[in-house]
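Hi,

Here is the structure I promised to pass on. Have a look at it first, and then read on for what turned up.

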Amino acid sequence: REIINALKDEVATNLTLIISVKELEDLKIEILGKKGKLTDIMKGMRNLSKEERPVIGQLANEVRDFITNEIDAKMIELKGIEKLKRMSDEIIDITLPGRGTGTGRLHPITETMDFLKDIFIEMGFDVAAGPELETTFNNFDALNIPETHSSRDLQDTFYIDNKTVLRTHTSPVQIRYMQDKTAPFRMVCPGKVYRSDYDVSHTPMFHQMEGLMVGENISFANLKAILTEFVNKVFGETNVRFRPHFFPFTEPSAEMDVECVICKGKGCRLCKNTGWLEIMGCGMVDPEVLKSVDYDADKVSGFAFGMGIERIAMLRHGIDDLRAFYDNDMRFLKQFN
Ligand SMILES: CNC(=O)COc1cccc(Nc2cc(Cl)ccn2)c1
């Protein structure tokens with residue numbers, strides 16, 4: 001009798017201390033399981049006298065029912081609490097801002113190319129594109145670049161075969177344009193170009209934009225006016241100058257400088273203390289080039305120009321390493337637009 005009652009009190013005490021379903025399940029097994037304490041007591045009753053057995057048996061049953069009900073009630077309570085806790089842990093606050101994947105953005109070269117293109121579009125220029133794999137005729141011969149010219153050498157040009165190259169400038173696009181269209185026209189052609197050259201200031205692939213205006217009575221004055229307007233739109237109102245130069249495909253030729261954007265002409269590291277930055281090359285289209293596309297050099301004339309995009313992007317954004325454009329490092333690329 002004492003053992004059964006002691007067990008009842010022990011279980012009642014334990015129940016007040018148990019806080020988890022797991023502990024409660026362990027207690028149920030410890031008391032009511034196959035080897036449970038109460039189960040052992042019930043087994044041990046066969047040793048009792050005939051008179052005692054029914055009395056103790058009834059007590060044991062009462063205690064077993066009590067313990068079972070208490071444990072089951074506690075189980076419902078604990079499962080309910082654990083369910084509530086799980087629910088609160090798993091609450092999704094739908095008012096939190098989305099994690100998102102970040103916004104995409106244009107590459108600084110693309111953004112600069114678009115910026116420069118738009119300025120010419122505003123001035124009525126057409127935009128043309130062409131294949132990056134070109135014939136040596138379109139890339140060299142049509143541009144009055146003789147067979148012996150150094151730019152045709154292997155250390156500058158990627159040859160696919162004797163007559164096919166990766167274009168070394170976008171001039172072939174202008175040749176194709178003139179093969180398809182008649183004067184008058186004004187066009188620009190931005191795009192990828194390739195040189196077999198790779199060092200701190202050269203990458204094998206880079207970007208250029210060339211332009212061409214052909215019609216009757218096109219003069220060097222038109223060249224200066226259009227290119228000065230362009231440069232002022234890119235760098236703001238700055239002084240420009242044209243220095244005599246030579247290209248096989250233009251005559252006369254010039255290099256166009258803009259006053260240094262950093263030191264405004266005083267002289268600094270960027271402009272190598274000259275006060276000027278070279279922006280592009282230009283000139284009046286050589287009659288030999290017009291002839292190569294069957295244009296009548298006695299009736300029409302034109303001017304052309306070409307510029308490196310990376311150089312302008314570096315000036316615009318203060319980038320001092322050309323290779324940063326091609327390392328695909330998001331820490332660099334994320335800084336633009
Ligand atoms: C990065 N580019 C430079 O420094 C200089 O580029 C230049 C200069 C002068 C003319 C041209 N293009 C050209 C195209 C035709 Cl179809 C006829 C005549 N000229 C490109």
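Strand 2 and strand 4 (residues 164–166) run antiparallel and are joined by three bridges. Within that pair, Thr 135 sits opposite Thr 164 of strand 4. They belong to an open sheet of three strands, ordered 2-4-3 and paired antiparallel. Strand 2 and strand 3 (159–161) are at the edges with a single partner strand each, so one side of each has no neighbour in the sheet. From one strand to the next, the twist averages 35°.

Some ground rules before I go on. This is a predicted model, in which local features need pLDDT of at least 70 and side-chain atom pairs count only at pLDDT 80 or more, while totals for chains, interfaces and linings use all residues. Residues are numbered from 1 along each chain as its sequence is written, and side-chain values use heavy atoms, with hydrogens and water left out. Helices (H or I, at least four residues) and strands (E, at least two) are DSSP runs, numbered from the N terminus. Two strands count as paired if DSSP finds at least two bridges between them. Axes are lines fitted to C-alpha atoms, for helices over the stretch in contact, and angles run from 0 to 180 degrees between N-to-C directions.

Now the other sheet. Seven strands make up an open sheet in the order 1-5-6-10-9-8-7, with mixed pairing. Strand 1 (126–127) and strand 7 (240–247) stand at its edges, each with a single partner strand, so one side of each is left without a neighbour in the sheet. A hairpin connects strand 7 to strand 8 through two residues, and strand 7 pairs with strand 8 (residues 250–259) in the antiparallel sense over seven bridges. Arg 241 has Asp 257 as its bridge partner in strand 8.

Two helices go with this sheet. Helix 10 (residues 309–317) packs on it, touching strand 6, strand 9 (276–285) and strand 10, and its direction makes about 60° with that of strand 10. Helix 5 lies across strand 1, strand 5 (185–194), strand 6 (205–215) and strand 10 (301–308), running at about 5° to strand 6.

In helix 10, the buried residues (buried means under 20% relative accessible area, exposed over 50%, partly exposed in between, with a 1.4 Å probe and protein chains only) include Ile 309, Ile 312 and Ala 313. Their cover includes helix 5, helix 8 (220–235) and strand 9. Just after helix 10, Gly 318 has a positive phi of about 65°.

Where do helix 5 and helix 10 residues meet? Thr 112, in helix 5 (residues 108–122), is a good place to look. Leaving aside neighbours within four places in sequence, Thr 112 is in contact (heavy atoms within 4.5 Å) with Ile 309, Ile 312, Ala 313, Arg 316 and His 317. Its side chain also makes a polar contact with the side chain of Arg 316 at 3.3 Å; that term means a pair of N or O atoms within 3.5 Å, where within protein one must be able to donate a hydrogen and the other to accept it, and residues adjacent in sequence count only if both atoms are side-chain atoms. Thr 112 is buried, because its relative accessible area is 0%.Helix 7 (residues 171–180) is mostly covered, with seven of its 10 residues buried. Among them are Gln 174, Ile 175 and Tyr 177. The buried residues of helix 7 pack against strand 1, strand 2 (133–135), helix 6 (136–139), strand 5, strand 6 and helix 9 (287–292).

On to the ligand. It is surrounded by 16 residues (a residue is near a molecule or strand if one of its heavy atoms lies within 4 Å of it), and the closest are Gln 174, Glu 210, Phe 249, Ala 304 and Gly 306. A ligand nitrogen atom is 2.8 Å from an N or O atom in the side chain of Glu 210. A nitrogen atom of the ligand is also 3.3 Å from a polar backbone atom of Gly 306.

Last, the cysteines. How many disulfides does a search of the whole structure find? The search finds zero (a disulfide is a pair of cysteine sulfur atoms within 2.5 Å). The closest cysteine sulfur to that of Cys 260 is in Cys 263, 3.6 Å away, which is too far for a bond. Cys 271 is in no disulfide either, its nearest cysteine sulfur being that of Cys 263 at 3.6 Å. Cys 260 counts as buried at 1% relative accessibility, and Cys 271 is buried with a relative accessible area of 3%.

Cheers
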